[in-house]
Amino acid sequence: INNKKNKVLLSTLNYDLLIELAISQAGGLISFSGFDAPPGNTPLLKLHGSCNFIPDLGPGEISGMNLVIPVPESGVKFGGIAGLPIKPVDVPELMTILNSNDSRVPAMAVYHASKMVRDSSQVILAYQELWRRELFTADALFVIGTRLVEHDVHIWDAVKNYSGAIYWVSPSTHEALAWAKANGVRIVPYEKTFANFIPRYNREF
């Protein structure tokens, strides 16, 4: 990725660490940032948070706290301890934190139409806003293995207003093409699988 003539910004809606682990195993570095990542770093934006984004309390800790938060209609909303910064941690530290406290949870959206983030939601909102800004500077957008869920307006409203080429990688494009036609968006079916996408992308980009 870092050897491409054009800059690449990876973005994911997933919470897992597969991208980070793959880059690390290949000897790469990761920056949770936009296109302006430090030299040699692969930029990655996790738009729904991550299982290893831990609210950073510094030397402090919280315990014995229960939060009851009404579920909002849609979009990432403030909830819990909204303003805390986050600290990405490795898997051993993550397991230690999760096994040793009863109140601190990773900054990640719940699997629900609301996509609510309980703690450190301001950080995730900031990542989403950065992604939207970077999207409109990009020459092309590749959507890989993602289902188009229209109520995720914090993602698809930005895509709807993107004027560049949108390349779709999925076994099925019917839903995406119907949405594109209804919204005047140009989607190009590119490949059906990630395995086929990689060599073609390397040849053409």
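**View 1. Ile-166 and its neighbours in the predicted model.** This close-up comes from a predicted model. Ile-166 touches Leu-141, Val-143 and Val-159. Ile-166 also touches Val-185, Arg-186, Ile-187 and Val-188. Residues up to four places away in sequence are not counted here. One of these neighbours, Ile-187 in strand 8, is the bridge partner of Ile-166.

**View 2. The open sheet of strands 6, 7 and 8.** Three strands form this open sheet, in the order 6-7-8. Their pairing is parallel. Strand 6 (140-144) and strand 8 (187-191) are the edge strands, and each pairs on one side only. From one strand to the next, the twist averages 30°. Strand 7 (residues 165-169) is joined to strand 8 by 4 bridges. Strands of a sheet pair through backbone hydrogen bonds.

**View 3. Helices on the sheet.** Two helices are shown with these strands. Helix 5 (residues 174-183) packs on the sheet and touches strand 7 and strand 8. The direction of helix 5 makes about 160° with that of strand 8. Helix 6 (residues 194-204) lies across strand 6, strand 7 and strand 8. Helix 6 runs at about 105° to strand 8.

**View 4. The largest nonpolar core.** How many residues does the largest nonpolar core have? It has 31. Trp-131, Trp-156, Ile-166, Trp-168, Trp-179 and Ile-187 have the most contacts inside this core. Helix 3, strand 6, helix 4, strand 7 and helix 5 each supply at least two of its residues. Which element gives the largest share? Helix 3 does, with 6 residues. In soluble globular proteins, nonpolar side chains tend to be buried together.

**View 5. A second core.** A separate core of 7 residues includes Tyr-167, Val-169, Phe-197 and Tyr-201.

**View 6. Helix 3 against helix 4.** The axes of helix 3 (residues 121-135) and helix 4 (residues 153-160) come within 10 Å. They cross at roughly 10°, so helix 3 is roughly parallel to helix 4. From helix 3, Gln-128, Trp-131, Arg-132 and Leu-135 take part in the contact. They meet His-154, Ile-155, Ala-158 and Val-159 in helix 4. The residues of this contact divide into 5 nonpolar, 2 polar and 1 charged.

**View 7. Strand 3, enclosed.** Is strand 3 enclosed or open to the outside? Strand 3 is largely enclosed by the rest of the structure, because 6 of its 6 residues are buried. Asn-41, Pro-43 and Leu-45 point one way from the strand. Thr-42, Leu-44 and Lys-46 point the other way. Both sets are buried.

**View 8. The partners of strand 3.** Strand 1 (residues 10-12) is joined to strand 3 by 3 bridges, and the two run parallel. Within this pair, Thr-12 has Lys-46 as its bridge partner. Strand 2 (residues 29-31) also runs parallel to strand 3, joined by 3 bridges. There, Ser-31 has Pro-43 as its bridge partner.

**View 9. Ser-50 in its loop.** Ser-50 is found in the loop between strand 3 (41-46) and strand 4 (53-55). Is Ser-50 buried or exposed? Ser-50 counts as buried, because its relative accessibility is 0%. Ser-50 touches Tyr-15, Asp-16, Leu-17 and Glu-20, as well as Pro-106, Ala-107 and Met-108. That list leaves out residues up to four places away in sequence. Tyr-15 and Ser-50 are 35 residues apart along the chain, yet their C-alpha atoms are separated by 4.2 Å.

Conventions:
Residues numbered from 1 in each chain as written. Predicted model: local features only at pLDDT ≥ 70, side-chain atom pairs only at ≥ 80, totals over all residues. Heavy atoms only, no water. Buried < 20%, exposed > 50% of the residue type's maximum accessible area, 1.4 Å probe, protein only. Contact = heavy atoms within 4.5 Å. Axes fitted to C-alpha atoms, helices over the stretch in contact; angles between N-to-C directions. Parallel < 35°, antiparallel > 145°, perpendicular 65-115°, else oblique. Nonpolar A, V, L, I, M, F, W, Y, C, P; charged D, E, K, R; others polar. Pairing = 2+ DSSP bridges. Core = buried A, V, L, I, M, F, W, Y, C linked by side-chain atoms within 4.5 Å.
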